[in-house]
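Here is a set of exercises to work through with the viewer open. Try each task on your own before reading its solution.

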Amino acid sequence: MRNGALAVLALVVFAGAGARAADAQVNTIKKVAVKGGTVEIVGTQKPSFTTFPMSDPPRFVIDISEAVFSGVPEDVPVPGSGRITAVKTASYGNDASAIARVVIGFDRDVEPEVQASGNTLVLKVGSGTAPAVASRAAPAPAPAPSDGAMAQGRALAAAATASQAKPDEQAARDALARANAKAEADRKAAEAAAAAEQQRQAEVARQREAIAAADAERKAREQAEREARARAELERKTQEKALAEAQARAEAERKAQEEAARVAAAQQKAQEEASRAAAARAEVERKAQEDAARAAAARAEADRKAQEEAARVAAASAAAQKRAQEDAARAEVDRKAQEEAARAEAQRKAQEDAARAEAQRRAQEEAARVAAANTAAQKKAQEDAARAEAQRRAQEETARAEAQRRAQPEASRTVVAQGETPRPAPREVSDARAPVPSAPASGGAEVSSRRKIVMLVGFAPDKSRVFVRTSEPVRYTVSQADDRTVVLELENTAFQRSNDRRPLDTRFFGGPVVQITPRPASGKTVQVAVTLRDKVEYQARQDGNEVSLQFAP
């Protein structure tokens, strides 16, 4: 009997301990996977869960009580494209109050269906438009031993004790005391479990409030970010507009500087190819007050050349004549450079205003300004030529006296050198179809075998004249590709700068010339194709280092 009573007490104690062990065991979520429109959640126990939907964006939340994640990432991969756009996991609390949360995002409002099968939860996407709450109540915890159970245990223990002999009474009392203590401990454990459940529910409510607050904060942050992006976009567009305007201004200044640099480089190249006398003339152009020193240097150079040729008087006269011609050529170069600069400026303005009704009027105003500049340049050139002519005559007088005294045979050579060389006749008329070979440069200068360089391709709109300036006289031919295209070909000539190859659009000047296209050709030649508005007559000529085509208006 004593053994039977002890067995009954052991059963009661073990039942309470088993209930507490079951309550303490935590469900471990080991897998969260997405397959098409299904989310599968696998744990180690049958899940106890609650669900609720969220909006903006559409989401569905599953909270699994007394559960933790093991080996499950926070962002679960979502393969392919479907209603499910994202799956995220999060854990809250610990031990008996632990909650494992799974948040599923959708591309629109749907009606999911949640089913439990053993240790697995399965969420399927339905076809509805509004999410419904799918929940199941958590199973109630196992009841703790009640006072009735304790009384029953006491009665059983008393009966067992009465049937035993007196020597066993003390052992029975001890067993009963232990049973009472165990029952009291079980009651306290049940109360603690109930308190823990209340705490868990309070934690769930707090977490929901936190999620709502976080969602509101996220919306406010997104709104602030949208406003910040709008302000940044407006500021970016404003900066881009300012940058574009600055770049346009910089590009205009760069083009002007390039054009000025191109003209300056052409002048510098011509000066480098010339003799010391040409360098002295360039110095005269830069500083007018040094005219006397430059003239002395030029005369010294002429004297040196005359001594080398053993005919000082003839050489001095030739040098004086050459200086005068070069001064005149320099003045002409300056005038043409001014014309070219004016033409380039007019062409740029005409191209920029091509879509405007005022293009023709501006082109005419630019042409008038170029004509005024040409007049001023010609006046200056005439004054420089007059000064050079006065110096040349003085030198000629001295040279003649010296020539008569030293070398009578040289007098005839001096006269020939000082005589004015006739201007060559026009080389071509527009009706000619076959190429026209060039003659030697005007002034009787021979064309050397050195490679010539194109210094400038220009257009004088007031005269309908196309001109090509080279480093020295060049042989050329003129032909017509068709009724509206005239081709000027320069032999043994090349381009040195890429800017000299750019086409010139001259159609806005209203003359017969529409476009000028310089280009390199085969056989070390350069071609300048002139496109005409209509078939017109023209004349080709060469003056020193410049070959020009004059077209009839």
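## Exercise 1: Two ring pairs

Phe459 and Phe509 are both buried. The model is a predicted one, and these two residues make a good place to start.

**Task.** Find how many aromatic pairs the chain holds, and classify the geometry of each.

**Solution.**
- Step 1. The count comes to two aromatic pairs.
- Step 2. A pair of aromatic rings is described by the distance of the centres and the angle of the planes.
- Step 3. For Phe459 and Phe509, the ring centres are 5.9 Å apart and the planes stand at 55°, so this pair is tilted. The cut-offs used here are under 30 degrees for stacked and over 60 for edge-to-face, with the rest tilted.
- Step 4. Now place this pair: Phe459 belongs to strand E13, while Phe509 is in the loop between strand E18 (504–505) and strand E19 (513–521). The two are 50 residues apart, and the pair links distant parts of the chain.
- Step 5. Turn to Tyr538 and Phe551, whose ring centres are 5.6 Å apart with planes at 45°, so this pair is tilted.
- Step 6. Tyr538 is in strand E21 (residues 538–543) and Phe551 in strand E22 (residues 546–551), 13 residues apart. Tyr538 and Phe551 are both buried.

## Exercise 2: Salt bridges within a helix

**Task.** Look at the pairs Glu273 with Lys269 and Glu301 with Arg304. Work out where each pair sits and how much of its side chains' residues is covered, starting with Glu301: buried or exposed?

**Solution.**
- Step 1. Side chains of opposite charge can pair when their charged atoms come close.
- Step 2. Glu273 and Lys269 form a salt bridge with an N to O distance of 3.4 Å. The cut-off is 4 Å.
- Step 3. Both residues lie in helix H3 (residues 169–273), four residues apart, and therefore about one helical turn separates them. Glu273 has 45% relative accessibility and counts as partly exposed.
- Step 4. In the pair of Glu301 and Arg304, the closest N and O atoms are 2.5 Å apart. Helix H5 (residues 291–308) holds both, three residues apart, or about one turn of the helix.
- Step 5. Glu301 has a relative accessible area of 9%, so it is buried. Arg304, at 34% relative accessibility, is partly exposed.

## Exercise 3: A salt bridge between loops

**Task.** Which parts of the chain does the pair of Arg450 and Glu472 link?

**Solution.**
- Step 1. The side chains of Arg450 and Glu472 meet in a salt bridge, 3.1 Å from N to O.
- Step 2. The pair links distant parts of the chain, 22 residues apart: Arg450 is in the loop between strand E12 (436–437) and strand E13 (452–460), and Glu472 is in the loop between strand E14 (465–470) and strand E15 (476–482).
- Step 3. Arg450 is exposed, with a relative accessible area of 51%, whereas Glu472 is buried at 11%.
- Step 4. Elsewhere, salt bridges with shared partners join Glu332, Arg335, Lys336, Glu339, Arg465, Arg469 and Glu546 into one network. A search of the whole structure finds 38 salt bridges.
- Step 5. Lys336 also has its charged end over the ring of Phe467, 6.0 Å from the ring centre.

## Exercise 4: The surroundings of a glycine

**Task.** Which residues are in contact with Gly458, leaving aside its neighbours within four places in sequence?

**Solution.**
- Step 1. Gly458 is located in strand E13.
- Step 2. Its relative accessibility is 0%, so Gly458 counts as buried.
- Step 3. Beyond its sequence neighbours within four places, Gly458 is in contact with Glu340, Arg343, Arg465, Val466, Phe467, Leu504 and Ile516.
- Step 4. The C-alpha atoms of Gly458 and Arg469 are 8.2 Å apart, and the two residues are eleven apart in sequence.

## Exercise 5: Reading a sheet

**Task.** In what order do the five strands of the open sheet run, and which are its edge strands?

**Solution.**
- Step 1. The order is E4-E5-E9-E8-E7, with antiparallel pairing.
- Step 2. Strand E4 (49–54) and strand E7 (75–76) are the edges, since each pairs on one side only.
- Step 3. E4 and strand E5 (residues 59–65) are joined by six bridges and run antiparallel. Phe52 has Val61, in E5, as its bridge partner.

Note on methods
Residues numbered from 1 in each chain as written. Predicted model: local features only at pLDDT ≥ 70, side-chain atom pairs only at ≥ 80, totals over all residues. Heavy atoms only, no water. Buried < 20%, exposed > 50% of the residue type's maximum accessible area, 1.4 Å probe, protein only. Phe/Tyr/Trp six-rings, centres within 6.5 Å; stacked < 30°, edge-to-face > 60°. Lys NZ or Arg CZ within 6 Å of the ring centre and 35° of its normal. Contact = heavy atoms within 4.5 Å. Pairing = 2+ DSSP bridges.
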